[in-house]
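Subject: Structure for your files

Dear colleague,

Please find the structure below. My notes on it follow.

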Amino acid sequence: MERNIAQEELNKQIVKNTLAKSAQDFTIFFKDLFIEDIEWTIAGYGPVAGTYYGMKELFEKAEDALYQRLAKPLAVKTIGVWADGNEVFARIKSASEAIDGKPYGNEYLYIMTMKDGKVVSGIEWLDLDAYYNIVNRIQL
């Protein structure tokens, strides 16, 4: 299969631009880039790890548990973005403050499958210990 370098570069630029737009509020990344019926996998172990079907399920069962515990939006810094075919790889660091005043930070590696300028599926690796720490520490 012949590589479409122009499409790879376009996909990579779309992700970079959306990450830049989301630098002070990471929820923008999901809302602007993911299709509504996305298939998204959080790799690892524990209650939040698994595959989600649609943005609604992803946020209700995984993302909201974190965002409800933050005192301010989750800021992100892009470490790198790479593309291969319709796959875009992004390495990201995040930082915020929890509602109990303690810092929250994490690191992520996303592999996203792009179609028509949107993410249609993907997999996410993150430090689940940091995620579970804040979720278990702060009872809502």
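Leaving aside neighbours within four places in sequence, which residues is Arg137 in contact with? They are Ala98, Asp100 and Lys102. Please keep in mind that this is a predicted model.

More on Arg137. This residue is found in helix α4. Its relative accessibility is 29%, so it counts as partly exposed, since that class lies between the 20% limit for buried and the 50% limit for exposed. With Asp100, one of the residues named above, there is a polar contact: the two side chains are joined at 2.6 Å. Met112 is 25 residues from Arg137 along the chain, and the C-alpha atoms of the two are separated by 31 Å.

The other item is the cavity search. The count comes to 1 cavity of 30 Å³ or more. About 110 Å³ of space lies in the largest cavity. Its lining is made up of 16 residues, and those nearest the centre are Glu63, Leu66, Glu124, Leu126 and Tyr131. Two or more lining residues come from each of these elements: α3 (55-67), β5 (103-115), β6 (118-126) and α4 (128-137). Helix α3 gives the largest share, with 4 residues. By class, 14 of the lining residues are nonpolar and 2 are charged, while none is polar.

Helix α4 thus appears under both headings: Arg137 is found in it, and it is among the elements that give two or more residues to the lining of the largest cavity.

Regards

Terms used. Residues numbered from 1 in each chain as written. Predicted model: local features only at pLDDT ≥ 70, side-chain atom pairs only at ≥ 80, totals over all residues. Heavy atoms only, no water. 1 Å grid on protein atoms, 1.4 Å probe; cavity = no way out; pocket = protein on both sides within 12 Å on 5 of 7 lines; lining within 4 Å. Points joined across faces, edges and corners; volume = space filled by probe spheres on them. Nonpolar A, V, L, I, M, F, W, Y, C, P; charged D, E, K, R; others polar. Buried < 20%, exposed > 50% of the residue type's maximum accessible area, 1.4 Å probe, protein only. Contact = heavy atoms within 4.5 Å. Polar contact = N/O pair within 3.5 Å; in protein donor to acceptor, adjacent residues only side chain to side chain.
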